[in-house]
Amino acid sequence: MSTSQPPKTSSGSPLWEVFVRSKRGLSHTHAGSLHAPDAHMALRNARDLFTRRQEGVSIWVVRATDVVASSPDEKDPFFDPAGDKVYRHPTFYDVPDEVQHI
Amino acid sequence: MDALEQQFQDTVDGDGRIEPRDWMPEGYRATLIRQIAQHAHSEIIGMQPEGNWITRAPSLRRKAILVAKVQDEAGHGLYLYGAAETLGADRDELLDLLHAGKQKYSTIFNYPTVSWADVAAIGWLVDGAAIMNQVPLTRCSYGPYARAMIRVCKEESFHQRQGFEALTVLANGSPAQRRMAQDALNRWWWPSLMMFGPSDDNSPNSARSMAWGIKRFSNDELRQRFVDATVPQAEWLGLTVPDPDLRYDEETGHYVFGEIDWTEFFEVMKGNGPCNRQRLATRVAAHEEGAWVREAAAAYAAKHSAREVAA
C-alpha cells in the first residue's frame, strides 16, 4: 500500500481528485483532477470544470495525497485470495432445468 | 524484451489500457507527456482566435454560444494537463515550456480571425478536424488520456455544429455575407488539412505510436476521412473548396485533393506564421498578469485554514 500520487503542487496549489455523482441513486465516480488552494475552491473549480452541462448533482473532492491505493506491482498476490473461490458465484452451482425461480 | 515490457506490450496488443501506476517504457511515458502537453497547449492557445470575437459577436445568442465554447476550450486544456500529471509531469513546468517556446501547439492557431465568418469556419473546419483526430484517441492505450478524450469529444460536437450553423446563416445571407463565408473557407481550408500533421512518408514517430496504441490511424487516413466528410458539407453550403485539383473518384469513393503546401506548415511550426508571436505574448501576459489571482487565492486559503486551527 502507498499513496496514489506523489505530493505535487502547481503554483503552490495542491492536487485534488474529483468524484461526481451524476444523479441521485448512483454512486460518485472519479471524474479527474484539478489544482486548487483549498477544499472550498477545489469544489467550485470542480463544478466549473466537470459539471458545465449538468453532469452532476453532488461532488466530492479529496486531496490526491490522501488517497491510499494498492500497488500495481502486487496486483497478482494482492488479489489472489479471490482467485480460487469460484463457489462465490451462482454459476458454480448446478440447478436442474425443471426447477424454476432460483 | 524483459518481462515487464512484455506484459506492457501484451496489454496494449490485447486492446487493454495502461493506467498511471503501471510499469511503462520510458519512451512511452515521454511520448505521451509530449503529446498530451502539446494537445493541452493547443486547447488554451486555441481560446485566443475566437476570444477575439466575443465582444463583437453579432447577437447575444452568438455571444453566449461563443463564451461557452471558449470556456470549453479552457476546460479541455485542464482535463489534458490533468492527464499529463498522472504521468509525473508538473503543470507549472509544462506551462513554462510552452511560454519559452520549447513545447509546441497546433499550427492552426497561428492564423488570424479577421472576420466573424472566421469564427464560424473555425467551428466547422478546425473543430471538425479536431474531432476526426480525437475520436480515435478515446481508445488510446493510456487510460487517463482516453477518458479525457471521451469528455472532450462529447463537447466538441457542439463546437462543430454551432460553427456550421453560423456559416449556414452567412452562406444564405446577403452577397457581402456570402463573400465573407467564402473568404473564410478560402483561408481556413488548407491550414485545416495541415492539422492532421505531415504526410505518412514524412512522419517518423508514427509507427512507434501505432505499436504503442497511442495512434490508431495514420495522418493521411484521417485527413482523407476529413476531406470526404467535409466537401459535401461545403457543397451543401453553396461554397467552393479552394482546390482546383479536387475531384470525386467514382472508383474509390473518395475525394482526390491537391498537394498541400508543406513549406507553409513547417514555417508556421518554426514560429513564422502570421500570429505566432502574438499568441505566445498574449499567453505569457495572461499568465503573468494573473499571478495576483493565484497569490490571492493562496492567501485566502491560508487565512481560512489559520481560522479553522484557531477555532
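Modeller: A salt bridge here is a side-chain nitrogen of Lys or Arg within 4 Å of a carboxyl oxygen of Asp or Glu. The model is predicted.

Biologist: Which residue of chain A meets the side chain of Asp72(B) in a salt bridge at 2.4 Å, N to O?

Modeller: The cut-off is 4 Å between the nitrogen and the carboxyl oxygen. The pair at 2.4 Å satisfies that rule. It crosses between chains, from helix α4 of chain B to the loop between α1 and β5 of chain A. The partner is Arg53(A).

Biologist: Is Asp72(B) buried or exposed?

Modeller: Buried means under 20% relative accessible area. Asp72(B) has 1%, so the residue is buried.

Biologist: And Arg53(A), what is its relative accessible area?

Modeller: Partly exposed lies between the 20% and 50% limits. Arg53(A) falls in that class. Its value is 34%.

Biologist: Why does the salt bridge of Asp72(B) with Arg52(A) join two chains?

Modeller: The closest N and O atoms of this pair are 2.8 Å apart. Arg52(A) lies in the loop between α1 and β5 of chain A. Asp72(B) lies in helix α4, residues 60-85, so the other end of the pair is in chain B.

Biologist: Which residues are linked with Arg52(A) in a network of salt bridges?

Modeller: Asp72(B) forms a salt bridge with Arg52(A). Asp72(B) also meets Arg53(A) in one. The network takes in a further glutamate of chain B. The residues linked with Arg52(A) are Arg53(A), Asp72(B) and Glu155(B).

Biologist: How many salt bridges are counted between chain A and chain B?

Modeller: The search of the whole structure, over all chains, finds 20. Between chain A and chain B the count is 4.

Biologist: What area is buried between chain A and chain B?

Modeller: In contact are 26 residues of chain A and 24 residues of chain B. Carbon and sulfur atoms give 45% of the buried area. The rule also finds 8 residue pairs in polar contact across the interface. The buried area is about 2,000 Å².

Biologist: Which element gives the most to the side of chain A that touches chain B?

Modeller: The elements giving two or more residues are β1, β2, β4 and α1 of chain A. The top contribution is 5 residues. It comes from α1(A).

Biologist: By class, how many residues on that side of chain A are nonpolar, polar and charged?

Modeller: Gly counts as polar in this scheme. The side of chain A that touches chain B has 8 nonpolar, 11 polar and 7 charged residues.

Biologist: In chain A, which strands pair with β3(A) in the antiparallel sense?

Modeller: Strand β3(A), residues 13-21, has 7 of its 9 residues buried. Trp16(A) has Leu34(A) as its bridge partner in β4(A). Glu17(A) stands opposite Val62(A) in β5(A). Over 6 bridges β3(A) pairs with β4(A), and 6 bridges join it to β5(A).

Biologist: Where do the buried residues of α11(B) pack?

Modeller: The helix spans residues 262-272. Its buried residues are Trp262(B), Phe265(B), Val268(B) and Gly271(B). They pack against α8, α10 and α12 of chain B.

Biologist: Which residue forms a salt bridge with Arg223(B)?

Modeller: Arg223(B) is buried, at 2% relative accessible area. Its partner is partly exposed, at 28%. Both lie in helix α10 of chain B, 3 residues apart, about one turn of the helix. With the closest N and O atoms 2.8 Å apart, the partner is Asp220(B).

Methods: Residues numbered from 1 in each chain as written. Chains lettered and ligands numbered in written order. Predicted model: local features only at pLDDT ≥ 70, side-chain atom pairs only at ≥ 80, totals over all residues. Heavy atoms only, no water. Contact = heavy atoms within 4.5 Å. Buried area = accessible area lost by both parts, 1.4 Å probe. Polar contact = N/O pair within 3.5 Å; in protein donor to acceptor, adjacent residues only side chain to side chain. Helix = DSSP H or I, 4+ residues; strand = E, 2+ residues; numbered from the N terminus. Buried < 20%, exposed > 50% of the residue type's maximum accessible area, 1.4 Å probe, protein only. Pairing = 2+ DSSP bridges.
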